[in-house]
Structures are given as C-alpha cells and as structure tokens.
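Student: I have a model open on my screen and would like to learn how to read it. Could you walk me through a few features?

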Amino acid sequence: MSTIANSSDFDRRQLITPEGVNLEIRLASLGSRIAAYAIDQIIINGTLVALFFIVVLGGIATAASIATSIFILLSFFLRNFYFMFFEMGTKAATPGKRICKVRVASRGKARLTADAVFARNALREIEFNLPLSFLFVQGEAVDAWIAVLGLIWSGIFLFFPLFNKDRLRAGDLIGGTWVVRAPKAELITDLAAHSAKTGAPYLFSQEQIDAYGVYELHTLENVIRVNDPETVEDVAQRIRNKIRWSEGASGSDLDFLQAYYAALRERLETRLLFGVRRKDKFDDQ
C-alpha cells in the first residue's frame, strides 16, 4: 500500500506509490477550490436555465406541473452527477477544476477509483446544499431554532477544510481523496528533445523496453519533472534491475531515465498505431 509523508512546505506532500516511487505533489489552495466550485455552479445553473426554457418555451411540457416536475428531475441529476461524471474521467477534474488547474487524486492508492469519486461526492448535498436550505428557511420561532441548530450542524461539514492541514472535505476524508494542483506541463516534447541531446549511448532491446506500459511511462514522466536526486537515483536503479541492465553508460541517472523514457514512449506509440495499447507492466496484451 502507498504511504504519505509531509514535506517541509505546508502545501507540499510526498506520495509513495506501490512501486516505491516518491512523487511530490502540491495541494490545491482553498481559493482555487472555491473558484473551481463557483465556476462549476455557474455552468450547472446556466444549464438549468437553458433546460427550463427548452422545456417550457419549447413546448415539451405544456402544463406547469409537468414542466416543474421535469425541471426538478433534471436539476437533481445535474447537481448530483455533474461532479461524478467529470471526476471519473481521465482528467479527474470538472470544467471548473480544469480552468483553475486543480484535480482530484487518491491519497492512499496509486489510482483514483470510481468508488472514491462516488464517496467524495455523496456528501456534497450535506456539505453545500443543506446549509443553504437551513439559511433560507422561514417559519415559527421553534422552526427558526431548528433552522439555526441545523445550520450550525451542517456548517461543520461546510467549514471542515479549514480545520485540517490537508484541506480535506468530509467527502475527501471518506473517499480517501484530496484535491491537488495540476499545472499544464509541456513535458513530452522537452524530454524527447533533451534525451536526443545527451549523447549517452543507451541502446535498449525490445524486451527491455516492453517491461513497462503507459502507467509506468506517466510515473516516470513525473519523476523526471520533479527531478529529486534521491528519487531519480532510486527509480533508475529499480529500472536497471527490472530490465537487467548491465551494459553501463557514461551518463547520469537522469540521462538514463530520459533515454529510457524516450525509448519507451516511442515503443508504446508505435504499438498504438497497430491498435495495441499496453496499460501497465501487468498488461500482457
């Protein structure tokens, strides 16, 4: 199982994958998460308004009661499945998160699962919509007291990210997720170009290149981007052991990783042209 260790900076964390690779990540700020949520709400509400006019003005439902029922049903599905749909995708981010350059990631496992995404979003109704319903409730004095107590109780969920160092929502705590920064990185072109310039005589056999798949390629990409000396040395040694590398070369560990990255990427892209996509090292396709 993966383990997590805190680094010196308050927003930096180290995620150690099951393969033993130490990846440094940065937590998304509260400001970026709030901005992403606000953008998503604008998209949701704008879509609901458009759907309302389509249903009512488009003549889909002539009776007011039918139009209201359809609108409530569409609102329910959009509010509850909008986040799940996008976060289960390859980007693991809603449009708002992608604009703010953040994404959902798993805290204790190498990959984000559908179960984790469902769990983190299951409490969203309690965390955000329930406090608003208590805030705008109207009625007798007793009802007002109930509303105040309900607002306090639901406010615990709403402000939960302020009281833990990883800025976790209650949904994140249950789902085993967190929201991290995901800046756009021009990495593949840079790595390939740099590998061509090193001049180190690394020649890998087809069997050595086929030891890994797409998932390991992305992991190696992150290792090279972070460029932590200890991690680079450890990963280079692990790859050498895995592919039984004994030829040696005059380059550094980073040069070795960049050369292997370029060779692996070229091999995977070539196989992809023939309709063969190897997901990871366990995929024998």
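Tutor: Gladly; we will look at backbone angles, a strand pair and the nonpolar cores of this predicted model.

Student: What is the sign of phi in Arg167 and Arg244?

Tutor: Most residues other than glycine have a negative phi. Here Arg167 has a positive phi, near 55°, and Arg244 has a positive one too, near 60°. Arg167 sits in the loop between helix 6 (141-158) and helix 7 (170-175), while Arg244 is in the loop between helix 11 (229-243) and helix 12 (253-273).

Student: Are they buried or exposed?

Tutor: Arg167 has 12% relative accessibility, so it counts as buried. Arg244 has 71%, so it counts as exposed.

Student: Why is strand 4 described as largely enclosed?

Tutor: Because four of the five residues of strand 4 (residues 102-106) are buried. Strand 4 pairs with strand 5 (residues 177-181) in the antiparallel sense, over five bridges. In that pairing, Val104 stands opposite Val179.

Student: And which residues touch the most other members of the largest nonpolar core?

Tutor: In soluble globular proteins, nonpolar side chains tend to be buried together. The largest core here has 24 residues, and those touching the most other members are Phe204, Leu220, Ile239, Ile243, Phe256, Leu257 and Tyr260. Helix 10 (214-226), helix 11 and helix 12 each supply at least two residues of this core, with the largest share, eight residues, coming from helix 12. Another core, of six residues, lies apart from it and includes Ile25, Ala105, Trp178 and Val180.

Terms used: Residues are numbered from 1 along each chain as its sequence is written. This is a predicted model: local features need pLDDT of at least 70, side-chain atom pairs count only at pLDDT 80 or more; totals for chains, interfaces and linings use all residues. Side-chain values use heavy atoms; hydrogens and water are left out. Buried means under 20% relative accessible area, exposed over 50%, partly exposed in between (1.4 Å probe, protein chains only). Two strands pair if DSSP finds at least two bridges between them. A nonpolar core is a set of buried Ala, Val, Leu, Ile, Met, Phe, Trp, Tyr and Cys residues joined through side-chain atoms within 4.5 Å.
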